[in-house]
Amino acid sequence: MNNPLARTRTFDRGVRLLMVNQFTINLGFYMLMPYLAQHLSGTLGLAAWTVGLILGVRNFSQQGMFFFGGTLADRLGYKPMIIAGLVLRIAAFAVLGLVDSLPALLAASAAVGLAGALFNPASRAYLAHDAGERRVEAFALFNVYYQAGILFGPLVGVALTGVSFRLTCLVAAGVFAVLSVVQIVVLPARTARCGGERQAAGVLSQWRTVLANRPFLLFSTAMIGSYALSFQVYLALPLEVRRVAGDERVGTVGVGLLFAASGLATIAGQTRLTAWCGKHLGAGRSIVAGLACLGIAFLPPAAATAVTAPADGPARWLLAVLPPLMSALLLALGTMLAYPFEMDTVVALAGDRYVATHYGLYNTICGVGIAVGNLLTGAALDTARAAGAPALPWAVLGAVGAGCALAVLRLHRRGRLAPETVRARPVTA
């Protein structure tokens with residue numbers, strides 16, 4: 001049974017609702033955020049640095065507050081944090097569509113990020129709690145719904161934004177309002193647990209427990225680069241498509257193909273691939289294989305730099321689109337291989353103690369990798385091209401993937417990923 005909808009129905013109500021939550025959250029988020037920069041620079045006429053500041057505040061507030069959000073989820077319960085994050089996004093999205101002053105826009109952007117920091121660790125900890133021994137399968141399905149939201153959100157957004165960006169914001173806020181009501185009425189309450197007992201220690205003790213978890217910190221550090229690599233489907237690959245195409249229309253279509261191919265591949269193949277990996281590879285080797293695949297993903301654009309681009313026409317368009325498209329598909333494959341087992345490993349390394357806090361810190365650590373990776377990659381692409389070595393940044397990205405794979409492989413062989421509990425959980429095909 002590989003139909004994601006059919007498999008979802010085999011889980012309890014809480015898990016089923018979390019799947020729908022994640023699809024709807026991404027649908028609402030991605031119907032708005034891809035068009036925010038154009039609204040700020042075009043409709044509102046803000047300077048480029050101001051647009052970058054507003055978008056950067058959103059990312060910084062989310063990545064920087066994940067640890068805080070996870071801490072609150074473990075202390076106050078998962079459901080309240082999920083609802084708080086959803087309600088905060090209702091207000092933030094409405095403000096983004098209704099105001100034009102810089103302070104209000106900055107506050108709304110920060111609120112969008114803080115909302116994600118509140119509900120993301122809580123929802124993953126809740127999913128792990130309710131899925132039990134089926135955590136790997138649940139996280140595989142979670143990724144399907146996650147990618148489906150990313151796939152369909154921009155399609156809805158482009159239709160709404162064609163009318164007005166304000167309409168897009170208000171519809172997105174409405175989506176989160178409906179979702180909030182559903183959580184309040186339907187989602188069962190879940191309290192974080194520690195060894196089967198209610199967590200009662202203070203916040204500082206909670207943080208010390210997480211920060212003293214050496215296997216978890218080693219794993220988090222080894223995974224930093226993987227998030228920088230997977231994010232290049234939003235940065236380096238679209239830039240390369242547009243650069244080689246030399247035509248904005250072709251570039252836009254090509255970038256759309258990258259996102260569509262990545263999302264469709266995940267929807268079609270995630271559950272089947274996870275079942276195969278659970279049976280034949282196990283958790284550690286699946287993560288290693290995924291990381292290696294992330295590194296290999298940058299070979300096509302590296303090889304394409306050796307080809308002289310035709311002056312114009314279909315041949316140039318194919319050169320612009322096909323190598324990045326192959327790269328996007330390999331990035332999707334690498335994520336499909338690693339993600340369910342990666343999420344399960346975080347839970348197992350937490351030892352069922354302060355799971356949301358562990359997720360929060362994990363997201364913050366990997367968020368640093370995304371920020372640093374984007375900064376260095378963006379600078380390296382232009383610098384290397386000017387120096388006559390356009391393949392070098394792609395080769396370095398590939399080496400980062402290989403380095404992450406080797407680091408996790410070393411942890412796996414030393415048993416640091418499985419002090420007692422990490423193993424391949426059975427997933428039925």
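**View 1. Helix H2 against helix H6 in a predicted model.** Here Gly14, Val15, Leu18, Met19, Gln22, Ile25 and Phe29 of H2 meet Val112, Phe119, Ser123, Arg124, Tyr126, Leu127, Asp130 and Ala131 of H6, where contact means heavy atoms within 4.5 Å. Sorted by class, that's ten nonpolar, three polar and two charged residues (nonpolar: Ala, Val, Leu, Ile, Met, Phe, Trp, Tyr, Cys and Pro; charged: Asp, Glu, Lys and Arg; polar: the others, Gly among them). The axes of H2 and H6 (residues 102–131) come within 10 Å and cross at roughly 155 degrees; axes are lines fitted to C-alpha atoms, for helices over the stretch in contact, with angles from 0 to 180 degrees between N-to-C directions. That makes H2 roughly antiparallel to H6 (over 145 degrees; under 35 is roughly parallel, 65 to 115 roughly perpendicular, the rest oblique). The crossing is left-handed, as the term goes when the near helix is turned anticlockwise from the far one by less than a right angle. Helices are DSSP runs (H or I, at least four residues), numbered from the N terminus.

**View 2. Helix H2 again, now with helix H5.** H2 (residues 13–30) and H5 (residues 78–98) pack at about 20 degrees, axes 12 Å apart, and are therefore roughly parallel. On the H2 side the contact uses Leu18, Ile25, Gly28 and Phe29; H5 brings Ile82, Leu86, Arg89 and Phe93. The split is six nonpolar, one polar and one charged.

**View 3. Phe93 of H5 and its ring partner Phe176.** This pair is edge-to-face, at 5.4 Å centre to centre and 80 degrees between the planes (rings of Phe, Tyr and Trp, the last by its six-membered ring, pair with centres within 6.5 Å; planes under 30 degrees apart are stacked, over 60 edge-to-face, the rest tilted). Phe176 sits in H8 (residues 165–186), so the pair ties H5 to a part 83 residues away in sequence. Both Phe93 and Phe176 are buried (under 20% relative accessible area; exposed is over 50%, partly exposed in between; 1.4 Å probe, protein chains only).

**View 4. Phe219 and Tyr362, a stacked pair.** The ring centres are 6.0 Å apart and the planes at 15 degrees, so this one counts as stacked. Phe219 is in H10 (residues 214–230) and Tyr362 in H16 (residues 355–386), so parts 143 residues apart in sequence get tied together. Phe219 is buried at 0% relative accessible area, and Tyr362 is buried at 0% too.

**Notes.** Residues are numbered from 1 along each chain as its sequence is written, and side-chain values use heavy atoms, leaving out hydrogens and water. Local features need pLDDT of at least 70 and side-chain atom pairs 80 or more, while totals for chains, interfaces and linings use all residues.

Note on methods:
Helices (H or I, at least four residues) and strands (E, at least two) are DSSP runs, numbered from the N terminus.
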